[in-house]
Amino acid sequence: MPLLTDTSSPLWRDILIAGAPDTGKSASLLTFPRPLYVISCPLEEGLGTLPRNLPDVKVFSYPLKLSDAVSWGDVIEQVRKDVVCILAGTHGPVKGGTLALDGVHMLYDCWTYKTTGGVIGEVKALEAFKLYPATNHPFFMDLLRWKQQAIERGMYYVVTAWMTPKKDQLNTANEKMRDITFKEWPDLAGQAGKEITGKFSIKLKSVVEGEGRDRIFWWKTTTDTDTGGIGIKGPVEIVSKIPLLLPQKWPSLAKYLVAPPAPDPVQSGPQATEKIR
């Protein structure tokens, strides 16, 4: 059976990996097909996990000095330029490789700071109605455009993000704290954390079992009572065979993404008629 993730198919080539800090998200990027191009998003702290001495791994980072005034528009434009150059093949071949955005929640923050003129902190409720659309539209347009262009070039497109608990329903009258339920979603403002999960065909949650050197890093492949938006889109006969927990290595998941057997071709003539009877 052929893998559905080969370069001839656009299926299952877009992956979102979300989870708490220090749960293996950045390190797991090294298990995806090479050449690997990693955009370590501005303010992302997973940069130290990524090696700089491998010939088939290129990491792009954006050190910022926050004690000085930061032009968030310029920061975003530099990220855009680097992605365009990667997709154009400026830094090397791309087909069969991977474009990864590590810490995309931080890139979302850059758009927020640009929208607010650099204000960092909570936004008043009334201002949020103006802020979120102004931030979400350009952010998601970049994210989807890069996804489309990467897949068109035969690449995998992988995005990582933090997760954070969010209310599982909208505000209601006389709402009491004990009645509120929470689920973990990617750490983007407002409803954007839920929206981003709908943009990917594979959504994994990174989790850790154990402590210290005995830690084991897993991917959760489906949602549960505490997490929203995790899962894998696809035919039931394929997705249903994927374990609920997998080691954080792309080959451990890719081996389940196989094409089902092709149905027998429909025959014509007397034999087909006899078969129907």
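Is Cys 41 buried or exposed? Buried, because its relative accessibility is just 2%. Keep in mind that this is a predicted model.

Let me stay with the cysteines. How many disulfides does a search of the whole structure find? Zero. Cys 41 is in no disulfide, and the nearest cysteine sulfur belongs to Cys 110, 7.7 Å away. Why is there no bond from Cys 110 to Cys 41? Because 7.7 Å between the sulfurs is too far for one. The cut-off here is 2.5 Å between the sulfur atoms. As a reminder, a disulfide is a covalent bond between the sulfur atoms of two cysteines. Cys 110 is buried too, since its relative accessible area is 0%.

Now to strand β2. This is residues 36-40. How many of its five residues are buried? Five, so the strand counts as mostly covered. Look at the side chains. Leu 36, Val 38 and Ser 40 point one way. Tyr 37 and Ile 39 point the other way. Both sets are buried. In a regular strand the side chains alternate between the two faces of the sheet.

Which strands pair with β2? One is β3, residues 57-60. Four bridges join the two, and they run parallel. Within β3, Val 57 is the bridge partner of Leu 36. Another is β4, residues 98-102. Here the pairing is also in the parallel sense, over five bridges. Tyr 37 has Leu 99 of β4 as its bridge partner. Further along, Ser 40 stands opposite Asp 102 in β4.

Let me turn to β4 itself. Five of its five residues are buried, so β4 is mostly covered. Which way do its side chains point? Thr 98, Ala 100 and Asp 102 go one way. Leu 99 and Leu 101 go the other. Every one of them is buried. Note that Asp 102 is on that list, and Asp 102 is the residue facing Ser 40 of β2. Ser 40 is buried as well.

Last stop, Pro 186. Where does Pro 186 lie? In strand β6, residues 182-186. Pro 186 counts as buried because its relative accessibility is 1%. Now find Ile 17. In sequence, Pro 186 and Ile 17 are 169 residues apart. In space, their C-alpha atoms are 9.2 Å apart.

To recap. There are zero disulfides. Cys 41 is buried, and Cys 110 is buried. β2 pairs in parallel with β3 and with β4. Pro 186, in β6, is buried. That's my tour.

Notes: Residues are numbered from 1 along each chain as its sequence is written. This is a predicted model: local features need pLDDT of at least 70, side-chain atom pairs count only at pLDDT 80 or more; totals for chains, interfaces and linings use all residues. Side-chain values use heavy atoms; hydrogens and water are left out. Buried means under 20% relative accessible area, exposed over 50%, partly exposed in between (1.4 Å probe, protein chains only). Two strands pair if DSSP finds at least two bridges between them.
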